[in-house]
Amino acid sequence: SSAIAAFASRQWAARGVPWIGAVLIGVIVAMAATDIVRGYRIAVDETGRELETQSRIIAEQTARSVQAVDVVLRHIEEQFKQGALSKLNEQQLHNYLKDQSVGLVQAEGLAMHNADGSPRAISWVYPAPGTTANVAALPAFQTARDNPKIDFLIGPAIQSRVDGQWFFPIGRRLESAPGQFAGTIAARGRIDYFQQFYSDVQLDKATKVTLMHRDGTLLARHPAAPEALGKQFPSLDQLLASRAGGRSTTLLMSSPVDGVERYV
C-alpha cells in the first residue's frame, strides 16, 4: 500500500508541475500588466502636468499681451467720451491713431468706426476706404452695438477686406456722454505675433500650441495652419465640459487640423 501511495503521489506531482508553472506564469503576466497600466497612468499624469504648466505660462503671456492693447483702447475710449476727439478731422484722427499704435507689437494698427459701422479713421491707411471697411455685418461689432454691458471684446479670426490680412479684432465699445452707442475702437490682433512667440518658446517638436476663441474658432496655431483660421472645432467644448464636470482636463483626442491623435 505504501508503494501504491508513493506511485500516486509521484503521479499527482507530475501532473501538478504544469499547473504550478501556469499559475506562476499567470502571476508574472498579471504583475507585468499591472506595471504597464501603472506606468501608463503615471506617464499620462506627468504629460498632463507638463502640458498644463506650459499652457498656463502661454495663457499668462497671451493675457498680458491683450491687456497691453486694452490699455491703449481704454485711453482712446476715455478721450472719445470726454469729447477730446470730436474736434479732430479725419486726417488728424488718422495721425492720432497712428501715434497711439506705436509700440503695440502684438497688434497691427487701430481703427475707429461709427455707430453704423462705417470707418471714421484707420491708422494704417488714409483716407479710410468706405464700403470695404464697413464692419456693420461683423458679429463682434454687432455684439458691441447690441449689448451695453460688454465694453471690451475679442472677435474670431477674420480676413481684412481692405488688405487681405488675417487678424482677430480686439475692441471696445464707444459711447457718447449720455451713454448711447457711438461706435467702436479696435486693434487688429496679429496672428503671426502669437504664432512666432509659440515658436520661440521652443517646446518639444511633438507639441503643438493652439490659441482658441471662446466660441471654438481657431485664432492662432504653431505650426501655422492658415487654412484652419476662423474655423470652428468642437474639441474646445469637450475640454471645457471635462473641466466643468471636475474630470481630468488632459484628454486624448484627434486634432481637427491634421488628424493626429494627441494629448491635449
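**View 1. E108 is partly exposed, while its partner R188 is buried.** In this predicted model, E108 has a relative accessible area of 37%, which makes the residue partly exposed. Buried stands for under 20% relative accessible area, exposed for over 50%, and partly exposed for anything in between (1.4 Å probe, protein chains only). R188, at 4% relative accessibility, counts as buried. The two side chains meet in a salt bridge of 3.7 Å, N to O; the term asks for a side-chain nitrogen of Lys or Arg within 4 Å of a carboxyl oxygen of Asp or Glu. This pair links distant parts of the chain: E108 sits in strand β1 (residues 107-114) and R188 in strand β6 (residues 181-190), 80 residues apart. Helices (H or I, at least four residues) and strands (E, at least two) are DSSP runs numbered from the N terminus.

**View 2. R172 and D151 form a salt bridge between a strand and a loop.** Here the closest N and O atoms of R172 and D151 are 3.1 Å apart. R172 belongs to strand β5 (residues 166-175) and D151 to the loop between α3 (139-146) and β3 (152-154), so the salt bridge ties together parts 21 residues apart in sequence. How accessible is R172: buried or exposed? At 3% relative accessibility, R172 counts as buried. D151, in contrast, is partly exposed at 37% relative accessible area. Look around this pair, too: D70, R74, E77, D151 and R172 are linked in a network of salt bridges.

**View 3. R38 and D35 form a salt bridge in helix α1.** The closest N and O atoms of R38 and D35 are 2.8 Å apart. Why are these residues separated by about one helical turn? The reason is that R38 and D35 are three residues apart in helix α1 (residues 2-81). R38 is partly exposed, with 45% relative accessibility. D35 is also partly exposed, at 45%. If you enjoy hunting for such pairs, the whole structure holds twelve salt bridges.

**View 4. The largest pocket is lined by 49 residues.** Closest to its centre are S55, T210, M212, L236 and L239. A pocket is an open set of points on a 1 Å grid over the protein atoms alone, where a 1.4 Å probe fits, with protein on both sides within 12 Å along at least five of seven lines; lining residues have an atom within 4 Å of a point. Which element gives the most to this lining? Helix α1 does, with twelve residues. Other elements that give two or more residues include α4 (191-200), β7 (209-212), β8 (218-222) and α5 (235-244).

**View 5. The second largest pocket is lined by 28 residues.** Nearest the centre of the second largest pocket lie H113, V135, L138, I158 and F167. β1, α3, β4 (158-159), β5 and β6 each supply at least two residues of this lining. You have met some of these strands already: E108 lies in β1 and R188 in β6.

**View 6. Stepping back, the protein has five helices and ten strands.** Along its principal axes, the C-alpha trace spans about 125 × 35 × 25 Å. Of the 264 residues in the protein, 34% are buried.

**Notes.** Residues are numbered from 1 along each chain as its sequence is written, and side-chain values use heavy atoms, leaving out hydrogens and water. In this predicted model, local features need pLDDT of at least 70 and side-chain atom pairs count only at pLDDT 80 or more, while totals for chains, interfaces and linings use all residues.
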